[in-house]
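Q: Pick one part of this model and take me through it closely, please. I'd like the cut-offs spelled out as you go.

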Amino acid sequence: MGRLALVTGGTRGIGEAISIRLKEAGYDVAANYGNNDEKAKAFYEHYGIPIYKFDVADFDACAAAIAQIRKDFRRDIDVLVNNAGITKDNTIHNMSSDCWHSVMETNLGSCFNMCRNVIERMRENQFGRIVNVGSINGQAGQYGQVNYAAAKSGIHGFTKALAQEGARFNITVNAVAPGYIATDMVRAVPEKVLEKIIARIPVGRLGEAPEIARAVEFLVSDDAGFITGSTLSINGGQHMY
Ligand code: NDP
């Protein structure tokens, strides 16, 4: 295969499943994380996928890490999956400016920080695959999540604009919009709220991280070369866009 994939937030949850799936499909994979050293170390020891700790909200840190990854693997990044994300939920009248800005910078600013630092080489190489992880809550909105919904909604616009810029360089840019997936992020939701959420999902269950990973694997494959600027909803029928 000989292609290098970088997955942000690639050591836990959905990102972990994407890293593993791409490795199984024959990619060289570099997995980023932000804070959880213990989990990242266990991930590295189990799967042997190199890990890179840096803050995706920090442009200079992204630039430095991408340069290091290129050096370590002795090649350019062919596939970028912008998956890292956080929630800091609150109703707007209780939301601090920090909660707004940190979610915007981590979830949306990161897409700029990462893409800006890989795009020139992708253009030169006449090949690139970018997948941004959006959310059902960026499509439909969600009570208590103006920050998260705005950032994720922004990802969908970002994807379509960059897809237009990348198209003639054989760079595809797509998004996936997961519904509720059984990861730490969703397990943090109070049980009673979770029961109500599941009741609204037509298939009657949460999604599993590998179900998102398989869609990402397809979108970055050669078979998906004619798909760009699209958002694939993976939500058990909860929101039909
Ligand atoms: P998790 O909380 O399980 O994992 C988040 C990952 O992102 C972790 O690896 C974390 O690193 C990393 N991360 C967070 N902030 C930063 C940062 N500043 N710099 C670098 N890495 C960072 O989340 P999920 O797997 O549930 O979610 C993954 C993506 O999918 C997110 O973008 C989320 O918004 C989106 N999504 C999730 C849904 C769900 O139901 N779970 C539904 C819809 C969208 P560390 O381990 O160090 O903390």
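A: Here is a close look at the sheet, followed by what lies around it.

A quick word on ground rules: this is a predicted model, so local features need pLDDT of at least 70 and side-chain atom pairs count only at pLDDT 80 or more, while totals for chains, interfaces and linings use all residues. Numbering starts from 1 along each chain as its sequence is written.

The sheet is open and has seven strands in the order β3-β2-β1-β4-β5-β6-β7, with parallel pairing. Strands here are DSSP runs of E with at least two residues, helices are runs of H or I with at least four, and both are numbered from the N terminus. Two strands pair if DSSP finds at least two bridges between them. As general background, strands of a sheet pair through backbone hydrogen bonds, either parallel or antiparallel. At the edges sit β3 (51–53) and β7 (231–234), each pairing on one side only. On average, neighbouring strands are turned by 20 degrees against each other, direction ignored; axes are lines fitted to C-alpha atoms (for helices, over the stretch in contact), and angles run from 0 to 180 degrees between N-to-C directions.

Let's go through some of the pairs. β2 and β3 run parallel and are joined by three bridges, and Y33 has K53 in β3 as its bridge partner. Helix α3 packs on the sheet here, touching β1 (4–7), β2 and β3, and its direction makes about 150 degrees with that of β2. "Touching" is meant residue by residue: two residues are in contact if their C-beta atoms, placed from the backbone, lie within 7 Å.

Moving on, β1 and β4 run parallel with three bridges, one partnership being L6 with L80 in β4. Then β4 and β5 run parallel with four bridges. Across that pair, V79 stands opposite R129 and V81 opposite V131.

How well covered are these two strands? In general, side chains in a regular strand alternate between the two faces of the sheet. Both faces of β4 are covered: V79 and V81 on one side, and L80 and N82 on the other, are all buried. A residue is buried if 20 or more other C-beta atoms lie within 10 Å of its own, exposed if 12 or fewer, and partly exposed in between, with C-beta atoms placed from the backbone. In β5 (residues 128–133), six of six residues are buried, with G128, I130 and N132 on one side and R129, V131 and V133 on the other.

That leads to the core. In soluble globular proteins, nonpolar side chains tend to be buried together. The largest nonpolar core in this model has 59 residues, and A5, L80 and V216 have the most contacts inside it; such a core is a set of buried Ala, Val, Leu, Ile, Met, Phe, Trp, Tyr and Cys residues joined through C-beta atoms within 7 Å. Helix α4 (residues 97–125) provides its largest share, seven residues. V216 touches I18, V81, V131 and V176, leaving out residues up to four places away in sequence, so the V81 and V131 that face each other across β4 and β5 show up again here.

Now the approach to β4. The loop between α3 (59–73) and β4 (79–82) holds R74, and D78 belongs to that loop too. R74 is exposed, with 7 other C-beta atoms within 10 Å, and has a positive phi of about 55 degrees although it is not a glycine. D78, by contrast, counts as buried because it has 22 C-beta neighbours inside 10 Å. Beyond its neighbours within four places in sequence, D78 is in contact with R3, L4, A5, F127, G128 and R129. Back in α3 itself there is D60, which is exposed with 11 other C-beta atoms within 10 Å. The C-alpha atoms of D60 and M114 are separated by 10.0 Å, with their positions 54 residues apart along the chain.

One more backbone detail, on the way into β6 (171–178): N170 lies in the loop between α6 (146–166) and that strand. N170 also has a positive phi, about 60 degrees, without being a glycine, and is partly exposed with 15 C-beta neighbours inside 10 Å.
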